[in-house]
Structures are given as structure tokens and as C-alpha cells.
Amino acid sequence: MIIALVVLLLLCPCLGLVGWAVWKAADADSNASPAPSASARAVPPALPSDAPTPAAPSPSEVEFAKGDCVVNEGTEDDAELRKVPCGPNTYQVLLRIPATSDGDRCETLAPQATANYVHDNSVDLFDYVLCLKKR
């Protein structure tokens, strides 16, 4: 019984470290290659602006939350969202739905949304949907 207890006490921290490493690797993958899914209501490309774009986004620019405003610097099929100050021709995040890649949920949870963005990660836990409204 003592041997089993010692093995258990050694095994638990190791499993915790492995889980943390997998979580960090999946998080790094999600930041490197966000892949929107095709849906009926996708974000159209934004108008080009004269403002220079940063070379590498900071972590605060990668995380989108309710109230943030974004523009799409990609295409409708391969959206690349970037946080910007709220203004004309931007999209405001009405709702962030975690752990799903079902863009149709915006129709029921945020009916005032005019577009959505689906972030589909290889680890389903890190998927999310942004319900967006054109400003």
C-alpha cells in the first residue's frame, strides 16, 4: 500500500506537467493558424487603411472579448482579424462563444449580429465563435 501511495504521488505531478505542456502547445498552435470555417454569414474584407500594421500582434491583440472592435485583413474564406479602435467600417464583438465551432449559434444567442468568425483549433476546447455586428 505504501508503494502504491508513493507511485501515485509521483505520477500526479508528472501528469499535471504533461497536461500543462499539451495545453500550452495547443494554445501556441491556435495563435499561429486561426482557421475560420465557412458559414453563410462571414466577415467581408475591410477597406484598406493608411495606418501601418504591426509586424507581430501582441497577446492582447490576439484575444478578442465582448466590446472589442475588429477589421478583417484577410478574405471572406480566410479571415484574419485585427483589433482596432471602434469606428465606421469595423465589426464589434457582441459575444464570444467558447469551445464551439458552430457559427450558427450566433443566430440564437446574438440575433443582432450581422456576421460571425469561427476559430477552429485542432483541440476542440480552444475553438470559439465571435458574433459580430457591423458598425
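User: Which residue in β5 stands opposite His119?
Analyst: That's Tyr128. Before we go on, this is a predicted model: local features need pLDDT of at least 70, side-chain atom pairs count only at pLDDT 80 or more, and totals for chains, interfaces and linings use all residues. Residues are numbered from 1 along each chain as its sequence is written, and side-chain values use heavy atoms, with hydrogens and water left out.

User: What makes β4 and β5 (residues 128-134) a pair?
Analyst: Strands here are DSSP runs of E, at least two residues long, while helices are H or I runs of at least four, all numbered from the N terminus. Two strands pair if DSSP finds at least two bridges between them. β4 and β5 have 5 bridges, in the antiparallel sense, so they meet that rule.

User: How do the 5 strands line up, and why is β2 called an edge strand?
Analyst: The order is β2-β1-β3-β5-β4, an open sheet with antiparallel pairing. β2 (81-84) pairs on one side only, as does β4 (115-119), so both are edge strands by the pairing rule. On average, neighbouring strands are turned by 40° against each other, direction ignored (axes are lines fitted to C-alpha atoms, for helices over the stretch in contact, and angles run from 0 to 180 degrees between N-to-C directions).

User: What makes a nonpolar core, and which strand gives the most to the largest one?
Analyst: A core is a set of buried Ala, Val, Leu, Ile, Met, Phe, Trp, Tyr and Cys residues joined through side-chain atoms within 4.5 Å. The largest has 11 residues, among them Phe64, Val93, Tyr117 and Tyr128. β3 (91-98), β4 and β5 each supply at least two, and β5 gives the most, with 3.

User: Is Arg82 buried, partly exposed or exposed, and how do you know?
Analyst: Buried means under 20% relative accessible area, exposed over 50%, and partly exposed in between (1.4 Å probe, protein chains only). Arg82 comes out at 18%, so it counts as buried.

User: And why is the contact between Glu73 and Arg82 called a salt bridge?
Analyst: The term needs a side-chain nitrogen of Lys or Arg within 4 Å of a carboxyl oxygen of Asp or Glu. For Glu73 and Arg82 the closest N and O atoms are 2.5 Å apart, so the pair qualifies. Glu73, at 41%, is partly exposed.

User: How many salt bridges does that rule give?
Analyst: The count is 3. Another one joins Lys83 to Asp68 at 3.4 Å, N to O. That pair links distant parts of the chain, 15 residues apart: Lys83 sits in β2, and Asp68 in the loop between α2 and β1. Arg96 also bridges to Glu63, at 3.8 Å, across 33 residues.

User: Why is Ile2 called exposed, and which patch is it in?
Analyst: Its relative accessibility is 68%, so Ile2 counts as exposed. Ile2, in helix α1 (residues 2-32), forms a nonpolar surface patch with Val6 and Leu10, about 330 Å² of accessible area together. Patch members have over 30% relative accessible area and no salt bridge; nonpolar side chains (Val, Leu, Ile, Met, Phe, Trp, Tyr) are joined within 5 Å, like charges within 9 Å. The areas come from the Shrake-Rupley method with a 1.4 Å probe; for residues, only the protein chains shown count as cover.
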